[in-house]
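Okay, thanks everyone for coming. I'll keep this short, so have a look at the picture and stop me if anything is unclear.

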Amino acid sequence: MASAQELSDFLSGIEQRAFKQAVYAVRDDDAALDIVQDAMIKLAEKYGDRPAAELPLVFTRILQNRIHDWFRRQKVRNAWVTLFSNMGKKSDEGDDFDPLESLSAPDDSEIHQDGAQKLEKSQLLQTLESEITKLPVRQREAFLMRYWDELSITETAKAMNCSEGSVKTHCSRATQTLAKALKLKGITL
Amino acid sequence: MKYSENQFTQTQVDEFGQASAALLRQGAQNIPQGVKDRLYAARMKALARRKPEKILIQKPVLAGSARNWTSGSNGFWDTLGWIAPLVVLVFGLIGIAQWQDDSRINDIAEVDAALLSDDVPPDAYADSGFMAFLKNGPLSDADSSSDLVHSK
C-alpha cells in the first residue's frame with residue numbers, strides 16, 4: 001500500500017509529463033491543467049491505497065479517460081455552439097472580428113539569449129511536439145505511454161484496453177509518421 | 001540515426017521512441033513557472049483528498065466459542081461446525097423415513113396374518129355375496145350383540 005509520501009513523490013514525478021501529454025491531446029493549457037488535477041484527485045481518492053508499483057499504470061488509465069471525457073464534453077458543447085451561432089448568424093454579419101488579433105505569439109525570447117545549440121534543440125522539440133499533436137489519438141497514446149511513460153507493451157495494452165499487437169502497430173505507425181514528418185523538415189533523431 | 005524510407009524494424013521503432021522521449025522529457029522540464037505552481041496546488045489538493053488507510057480492527061471473540069478451544073487453523077473447525085449439524089439432520093430424516101416404512105410393513109403383516117389364520121378363507125372377503133351376508137344376514141345382529149356383551 002502506497003504511503004502518503006510515496007503518493008506525493010509519484011505525483012510530483014509525473015505531473016509535468018502528464019500535463020504535457022494532456023496538452024498534446026487537447027492543445028489547451030488550462031484544459032490540460034484541469035484534466036491533470038482531476039486525474040490526480042481521482043487517483044488519490046479512489047486508488048490512494050494501492051501499492052506504489054501499481055500507481056503509474058492506474059494514473060495513466062485515469063489520465064487517458066479524463067482526456068477522452070474532455071473530448072466528449074467538447075463535442076456536445078460544440079454542437080450547441082454551432083446551433084446557436086447558426087441561429088444568430090445574420091445579426092453577426094457586420095462584425096469585423098479578426099481572430100489574428102487574439103492569437104498570442106509564442107514566447108521565444110529565451111531562445112535568442114542562448115546559443116545555437118539550444119536554439120536547434122528548442123526548434124527540434126517544438127517540431128516534434130507539433131507533429132505529436134497531429135498524430136491520431138490512439139497512435140499518440142500508444143507512443144507516449146510506451147516510450148515516455150516507459151510502460152511495457154503488456155502494460156500499454158492493458159491501459160489502452162487493446163491487444164499487444166495493436167500497441168506495436170500503433171507505435172510503429174506513429175514512428176513512421178513522425179520520422180517522415182521530421183525528415184521533410186530536414187531533421188533526423 | 002538513419003531509417004529506411006518505409007519500413008521500420010522493432011529495434012528502430014524503439015530507438016526512435018526512446019530518442020523522442022528523451023527530447024520530450026527535456027521539454028517537460030521547461031514548462032512555465034505559473035503552470036508548475038498550478039500543478040503543485042493540484043497535487044496538494046489531491047493529497048488532501050487521499051483515500052484513508054485501512055485500519056485492521058480485530059473482531060471480538062465470544063468466550064466459549066469454538067475459536068477458543070481450537071488453537072490453530074480455524075478454517076477446518078468452522079467448516080465442520082456448519083457441516084456436522086447438516087449431516088446429523090440428513091441421517092435423522094433418513095432414520096425417521098426408515099422407521100415409518102418398517103412400522104407400516106409390520107401393520108400390513110399383522111393384518112395379513114390375522115386374515116390367513118382366520119376360519120374364513122381370504123377369498124371369501126372378495127366375494128360380494130358373502131359381504132352382503134355379513135352385513136344384512138342373521139349373524140350381523142348376533143355379532144353386534146356379542147360385541148356389546150364383550151365391551152361390557
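**One helix at the contact**

Let's start with a single helix, α2 of chain B: its buried residues are L39(B), A42(B), R43(B) and A46(B). I should say right away that this is a predicted model. By buried I mean that 20 or more other C-beta atoms lie within 10 Å of the residue's own.

So where do those four sit around the helix axis? They cover an arc of only 100°, which puts them on the same side of α2(B). If you're wondering about the spacing, here's the textbook bit: an α-helix has 3.6 residues a turn, so residues three or four places apart point the same way.

Now flip to the other side of α2(B). Over there, Q33(B), G34(B), D37(B), A41(B) and A48(B) are exposed. So what covers the buried residues of α2(B)? The cover includes two helices of chain A, namely α1 (4-26) and α2 (29-47).

A quick word on the helix itself. α2(B) has 16 residues, and from its first C-alpha to its last it reaches 23 Å. That is close to the 22 Å you'd expect at 1.5 Å a residue.

**Zooming out to the contact**

How many residues does each chain put into the contact? Chain B brings 30 residues and chain A brings 39 residues. On the chain B side, the elements giving two or more residues are α1 (10-28) and α2 (33-48). Our helix isn't the top contributor, though: α1(B) gives the most, with eleven residues. And if you sort the residues on that side of chain B by type, you get 16 nonpolar, five polar and nine charged.

**The two chains**

Last part, the chains as wholes. Chain B has seven helices and zero strands, so to speak α-α-α-α-α-α-α from the N terminus on. Chain A has eight helices, again with zero strands, and along the sequence that reads α-α-α-α-α-α-α-α.

What share of each chain is buried? For chain B, buried residues make up 6% of its 152 residues. For chain A, 31% of the 189 residues count as buried.

One more number for chain A. Take the contacts between residues at least 6 apart in sequence: 61% of them join residues at least 24 apart.

To come back to where we began: L39(B), A42(B), R43(B) and A46(B) are the buried residues of α2(B), and helices of chain A are part of what covers them. That's it from me, questions welcome.

Note on methods. Residues numbered from 1 in each chain as written. Chains lettered and ligands numbered in written order. Predicted model: local features only at pLDDT ≥ 70, side-chain atom pairs only at ≥ 80, totals over all residues. Contact = placed C-beta atoms within 7 Å. Nonpolar A, V, L, I, M, F, W, Y, C, P; charged D, E, K, R; others polar. Buried ≥ 20, exposed ≤ 12 C-beta atoms within 10 Å, placed from the backbone. Expected span 1.5 Å × (residues − 1). Arc of directions from axis to C-beta.
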